[in-house]
Amino acid sequence: MLNLPIYLDHNATTPCDPRVVEAMLPYFSSHYGNAASRNHPFGWAAEEAVDYAREQVAKLIGADPKEIIFTSGATESDNLAIKGVFDMYASKGNHIITVVTEHKAVLDTCKHIEKVGGEVTYMPVDGEGLIDLAALEAAITPKTILIAIMYANNETGVVMPVKEISAIARKHGVLFFTDATQAVGKIPVDVNKDGIDLMAISAHKMYGPKGVGALYVRRKNPRVKVTAQMDGGGHERGMRSGTLNVTGIVGFGKACEIAMQEMESEAIRLSKLRDKLESALMQLEEAYVNGSREHRLPHTTNISFKYVEGEGLMMGFNKNIALSSGSACTSASLEPSYVLKALGLGDDLAHSSLRFGLGKFTTEEQIDYTIKAVSETVTKLREMSPLWEMFKEGIDLNSIEWAHH
Amino acid sequence: MAYSDKLIDHYQNPKNVGTLDKSKKTVGTGLVGAPECGDVMRLQIEVDDATGTITDAKFKTFGCGSAIASSSVATEWLKGKTVEQALTIDNMDIVEELNLPPVKIHCSVLAEDAIKAAINDYRVKNGLEAIQFEEKGVH
């Protein structure tokens, strides 16, 4: 049976798994203690629940529970990792290497670092969205303290060569931080096998609740420390003060446990559905997949439909299908996706992109419906696109002098 | 963002999509915007030489729903107007008609620019001087 509306924006957020909600419920009004209250059963129950969740999270990523610092989400984790390392290792150096396609939470934090006296190198990516490892190694200086490169990209789903990156970091005694928001719970991530020193995770991208996440901070080989960015009661081994969001943490833990059990089979199912969607849409003329198709998350595809504008396209079916576009016609800047532009796409192709993010509750019927709706809308809008008409007449659009505004 | 019913209707059932023969002396064509900016509008008018009345108007637009709806409204309004009357169409009339949100006002400005460009093209073709318009600001 076809369920409408169809949610295909799982890189933005995911619904809470009902089992996650169920696990959380008692912690709203029955076990409402403060995990830091050491002298009564309410506090003990909360602390026990947090400890259990810490184990569930740690297990999913092959870490020790002591290495998990709970935060409010990946943005906070990104800030804590980068600013915390910059402050803690100030005597060692002040140089950070990152990549132009990182999430704004990383890029804007790096911009802040530059304002307070740090130096940041922003590595470019190739047409596949991947970095040049030799160039990464060449960018390391004696002052380099951190390499901050995401595990998987939120717009294209492109998975970075994390093992190779960490090997380079190790070789030069530089710490490696990865924002793994899009990867954890979707593909196998193991902090030891992958050589990760710090890692940001978010619960709501993996069927957990919003407002909770974690920063993994390695304790052995090497022992990593970050300077707290918020002053207060010294929670989370002094690295993140603030009363723990027990309910959210319980849900986060449960989401990790479920991911551990179901991730592998889900990845197979979703990659089949994604491939079906992608190959059907690629039947349309002038459709292009953005980013590497080989190194990619199983549930994501980003496609540009040349000569139609992404937001206009979405309006054709957004009552029934939720997804997102690299076009930014509504934002103040009108600038299309910086991620797609970094891959070498022209502004026109970036404006024409749609991101499809499949998830746990996506069905084949929904994919069939999406294929039909998107194909029909692309065809309809091309009929009314002056650019499509010019393309069909063989006019080179670059030969036209556009009135830029 | 919630769009008005009128806007959605113009997007779903746009009026006057098509192409007029731009080589005809009676046809004026305006092509405004740029692919890099995410919107390109081509608006055409056909003018009755004897009366100066716009007998037909067509458009093709690459852009968001608001840009498509703005072009559709503009072409509807142009038909039956004289060229002089067409020059009085203001982008704020389109904003009002479609209840465009502030971030979409540039779409209406583009439509007004397209009307003016089409009229100027028609004027130049017919030996008249192009009218110099004031800039409506950034869109």
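# Burial, salt bridges and the A–B interface

User: A:Glu76 lies in helix 4 (residues 74-88) of chain A. Why is A:Glu76 called buried?

Analyst: This is a predicted model, so keep that in mind throughout. The relative accessible area of A:Glu76 is 17%, and buried means under 20%, so the label fits A:Glu76.

User: What makes the pairing of A:Glu76 and A:Ser72 a polar contact?

Analyst: The two side chains come to 2.6 Å, and the cut-off for N or O atoms is within 3.5 Å. Leaving aside neighbours within four places in sequence, A:Glu76 also touches A:Thr71, A:Met230 and A:Arg240.

User: Over to A:Ser325, in strand 12 (residues 324-325) of chain A. Is A:Ser325 buried or exposed?

Analyst: Buried. The value for A:Ser325 is 19%, and the limit is under 20%, so A:Ser325 gets the buried label.

User: What surrounds A:Ser325?

Analyst: Not counting residues up to four places away in sequence, A:Ser325 touches A:Gly310, A:Glu311, A:Met314, A:His351, A:Ser353 and A:Leu354. With A:Ser353 there is also a polar link: its backbone oxygen lies 2.8 Å from a polar atom of the A:Ser325 side chain.

User: Now salt bridges. How do you know that A:Lys171 and A:Glu137 form one?

Analyst: Their N to O distance is 2.6 Å, and the rule asks for within 4 Å, so the pair qualifies. A:Lys171 sits in helix 7 (residues 162-171) and A:Glu137 in helix 6 (residues 133-139), so their bridge ties together parts 34 residues apart in sequence.

User: Why do A:Lys171 and A:Glu137 get separate accessibility labels?

Analyst: A:Lys171 has 61%, and exposed means over 50%, so A:Lys171 is exposed. A:Glu137 has 24%, which falls between the two limits of 20% and 50%, so A:Glu137 is partly exposed.

User: What makes A:Lys254 and A:Glu257 a salt bridge, and how are they placed in helix 8?

Analyst: The closest N and O atoms are 3.2 Å apart, and the limit is within 4 Å. The two residues are three apart in helix 8 (residues 246-281) of chain A, and that separates them by about one helical turn. Both ends are partly exposed: A:Lys254 has 21% and A:Glu257 has 22%.

User: Which residues are joined into one network by shared salt-bridge partners?

Analyst: A:Asp17, A:Arg19, A:Glu262 and A:Lys360. One of the bridges in there is A:Arg19 with A:Asp17, at 2.9 Å from N to O. A:Asp17 counts as buried at 2% relative accessibility, whereas A:Arg19 is partly exposed at 34%. Over all chains, the search finds 28 salt bridges.

User: What about chain A as a whole: how do you know that its size agrees with a compact globule?

Analyst: A compact globule of 405 residues would have a radius of gyration near 22 Å, and chain A has 22 Å, so the two agree. Its C-alpha atoms fill a box of roughly 75 × 55 × 35 Å along the principal axes. Chain A holds 13 helices and 13 strands, and 58% of its residues count as buried. Among contacts between residues at least 6 apart in sequence, 73% join residues at least 24 apart.

User: And where chain B meets chain A, how many residues are in contact on each side?

Analyst: 31 residues of chain B meet 30 of chain A. Together the chains bury about 2,700 Å², with carbon and sulfur atoms giving 66% of that. B:Tyr11, B:Glu36 and B:Phe62 supply 24% of the area that chain B buries there, more than any other three residues.

User: What makes B:Lys60 and A:Glu389 a salt bridge?

Analyst: Their closest N and O atoms are 2.9 Å apart, and the cut-off is within 4 Å, so the pair counts. The rule finds three salt bridges across this interface, plus 13 residue pairs in polar contact.

User: Which element of chain B gives the most to the side touching chain A?

Analyst: Helix 1 of chain B, with four residues. By class, that side of chain B has 17 nonpolar, nine polar and five charged residues.

Conventions: Residues numbered from 1 in each chain as written. Chains lettered and ligands numbered in written order. Predicted model: local features only at pLDDT ≥ 70, side-chain atom pairs only at ≥ 80, totals over all residues. Heavy atoms only, no water. Contact = heavy atoms within 4.5 Å. Buried area = accessible area lost by both parts, 1.4 Å probe. Salt bridge = Lys/Arg side-chain N within 4 Å of Asp/Glu carboxyl O. Polar contact = N/O pair within 3.5 Å; in protein donor to acceptor, adjacent residues only side chain to side chain. Nonpolar A, V, L, I, M, F, W, Y, C, P; charged D, E, K, R; others polar. Rg over C-alpha atoms; globule rule 2.2 N^0.38 Å. Buried < 20%, exposed > 50% of the residue type's maximum accessible area, 1.4 Å probe, protein only.
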